[in-house]
Amino acid sequence: LRKHPVGRARMGGAGVEILPLFARLSAAEQDRVFKPDIGHRVVLATNVAETSLTVPRIRYVVDPGVARINRYSYRNKVEMLQVEPVSRASANQRAGRCGRVSSGVCVRLYAEDEFAARPAFTDPEILRSSLASVILRMKALKLGEPESFPFVEPPQPKMIADGYQLLTELGAVDERRNLTAVGGQLAKLPIDPRIARMIVEAKQLDCLREVLIIASALSVQDPRDRPLERQEAADQAHSKFVDERSDFAGHLKLWDFYDELLKHKKSTRKLQQDCRENFLSWIRLREWRDLHGQLHALVSEMGWRENTKPAGFPELHKALLAGLLGNIGMKGEEGGEYLGARGIRFHIFPGSALRRKQPKWVMAAELTETTRLFARGAAAIDPEWIEQVGGHLAHKHYFEPHWEKTTAQVVAYERVTVYGLTVVSKRRVSYGAIDPVESRRLFIRGAL
């Protein structure tokens with residue numbers, strides 16, 4: 001496929017058209033699969049072809065029996081896209097691709113007894129996703145505790161505990177697992193709790209305009225297209241949206257660019273043409289703008305107003321950090337690897353603007369495991385911001401208390417960690433209010 005991307009190859013003397021089909025393809029390239037053509041055609045598809053798609057002239061289906069399935073790891077708090085055997089229902093769906101228009105043949109590349117041993121259906125999403133959003137909604141609607149709720153497919157207790165842990169990180173529930181004032185505001189926003197937390201913090205830091213744009217961008221599919229046969233041209237066109245310090249700031253540049261196109265557009269056709277020339281999906285850009293409009297209407301109903309002055313880099317990224325405290329990382333000694341929260345290790349995604357410079361501290365919009373654990377949507381941060389925003393998660397350790405003659409007080413050094421990462425290694429603080437008994441002893445020995 002890489003030798004002949006979306007083109008014609010010569011196989012056995014006959015013209016054979018080889019077409020890919022996956023979700024990240026542009027709409028124009030996906031449409032090619034559905035257009036009738038003469039000659040032989042081979043469609044190389046992901047499990048997107050399992051859905052109710054009717055691809056014309058399909059006579060044979062070759063099913064390898066595996067797919068990349070999204071699962072949430074409650075141990076590492078990351079999304080995993082791992083190759084797994086598909087269920088019998090998914091295999092039958094694949095076989096059905098060649099029987100919708102006319103009869104056909106399905107060839108399964110695995111044994112029949114292996115097929116019979118597979119589960120009947122794919123695990124429902126509630127068993128392989130974070131439950132923070134479900135718990136938050138249940139709390140807001142006063143539906144009782146999730147442990148006793150009559151789910152059709154009850155989730156594991158560990159997944160429920162993980163959901164509460166995330167809500168505690170976001171400040172949405174207290175120690176007794178009751179909804180806080182912040183949690184009530186998060187429940188009013190019908191988006192992921194992490195992204196909703198960014199918006200709530202943005203109101204406090206006066207950067208609501210920028211965060212609404214970024215929040216809606218994180219909730220839709222990336223509008224930037226990167227065709228297989230024109231990757232270099234696409235990267236060059238997208239370079240004007242790059243910010244070397246932050247992938248989030250790149251969303252703002254893209255928003256401003258599209259905003260200018262809308263202001264000067266002559267027709268919808270001309271707008272679509274401009275988007276194609278810049279390797280942008282007009283449909284996804286429109287979806288992004290529609291979602292932004294809905295979020296803007298919601299916060300307006302809550303009485304919130306957007307900032308009139310542009311937000312600074314620190315304020316903007318502190319607001320984003322409020323929803324991403326579990327996705328922070330510090331660069332390790334080995335090249336390219338970051339030490340993340342709770343001892344995980346990850347790399348910055350190759351498509352990120354931070355891939356080359358690799359700052360000391362980063363936060364990420366998401367951590368996804370494919371061939372390795374990658375941080376997608378990264379930004380450089382100051383470790384002081386972590387303590388300011390995530391003070392409720394900080395653990396403080398004091399060492400070397402001593403009497404200091406010049407300031408006439410007992411002082412010690414403070415070490416601050418968040419999720420096992422040292423954000424302050426050695427800070428001088430007054431020790432009197434921390435340990436009055438030990439401070440009195442040191443005062444008597446050192447001063448008297």
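Tyr 60 counts as exposed in this predicted model, because its relative accessibility is 63% and the cut-off for exposure is over 50%. The residue is found in strand β4. Leaving aside residues up to four places away in sequence, Tyr 60 touches Cys 98 and Val 105. Its C-alpha atom lies 9.2 Å from that of Ser 103, although the two residues are 43 apart in sequence.

The side chains of β4, which covers residues 60–63, alternate along the strand. Val 61 and Asp 63 point to one face and are buried, whereas Tyr 60 and Val 62 point to the other and are not. In a regular strand, side chains alternate between the two faces of the sheet. Strand β4 pairs with β7 (residues 105–108) in the parallel sense, and four bridges connect them. Within this pairing, Asp 63 stands opposite Arg 108 of β7.

A second pairing involves β5 and β6, which run in the antiparallel sense and share eight bridges. These two strands form a hairpin with four residues between them. In the turn, Lys 77 has a positive phi of about 60 degrees. Ile 69 has Gln 82 of β6 as its bridge partner. Glu 84 also lies in β6, which spans residues 78–85. This glutamate counts as buried because its relative accessibility is 15%, and the limit for burial is under 20%. Beyond residues up to four places away in sequence, Glu 84 touches Gly 65, Val 66, Ala 67, Ile 69 and Arg 71.

Strand β5 (66–73) is also among the elements that cover the buried residues of helix α5, together with α4 (132–141) and α7 (193–205). Helix α5 comprises 13 residues, 157–169. At 1.5 Å a residue it should span 18 Å, and its end C-alpha atoms are 18 Å apart, so the expected and modelled spans agree. The buried residues of α5 are Met 159, Ile 160, Asp 162, Gly 163, Tyr 164, Leu 166, Leu 167 and Glu 169. An α-helix has 3.6 residues a turn, so residues three or four places apart point the same way. After α5 comes Gly 171, with a positive phi near 75 degrees.

Helix α8 (residues 208–218) is largely enclosed by the rest of the structure, because nine of its 11 residues are buried. These are Leu 208, Glu 210, Val 211, Leu 212, Ile 213, Ile 214, Ala 215, Ser 216 and Ala 217. The cover over the buried residues of α8 includes α7, α10 (247–263), α12 (282–301) and α13 (313–321). Helix α7 thus appears in the cover of α5 and in that of α8.

Positive phi values also occur in two loops. Most residues other than glycine have a negative phi. Phe 279, which is not a glycine, has a positive phi near 55 degrees. Its place is in the loop between α11 (268–277) and α12. Phe 279 is buried, since its relative accessible area is 9%. Arg 342 likewise is not a glycine and has a positive phi, of about 60 degrees. This arginine lies in the loop between β9 (337–340) and β10 (345–348). With a relative accessible area of 29%, Arg 342 is partly exposed.

For the protein chain as a whole, 15 helices and 15 strands are found. The chain has 448 residues, of which 42% count as buried. Its C-alpha atoms fill a box of roughly 100 × 60 × 50 Å along the principal axes. Among contacts with a separation of 6 or more, 60% involve residues 24 or more positions apart. The exposed area of the chain is about 24300 Å², with carbon and sulfur atoms supplying 51% of it. The side chains include 68 positive and 55 negative ones, and the centres of the two sets lie 2 Å apart.

Technical notes: Residues numbered from 1 in each chain as written. Predicted model: local features only at pLDDT ≥ 70, side-chain atom pairs only at ≥ 80, totals over all residues. Heavy atoms only, no water. Expected span 1.5 Å × (residues − 1). Buried < 20%, exposed > 50% of the residue type's maximum accessible area, 1.4 Å probe, protein only. Contact = heavy atoms within 4.5 Å. Areas by Shrake-Rupley, 256 points an atom, 1.4 Å probe, with all protein chains shown as cover. Lys, Arg positive; Asp, Glu negative; His and termini not counted. Charge placed at Lys NZ, Arg CZ, Asp CG, Glu CD. Pairing = 2+ DSSP bridges.
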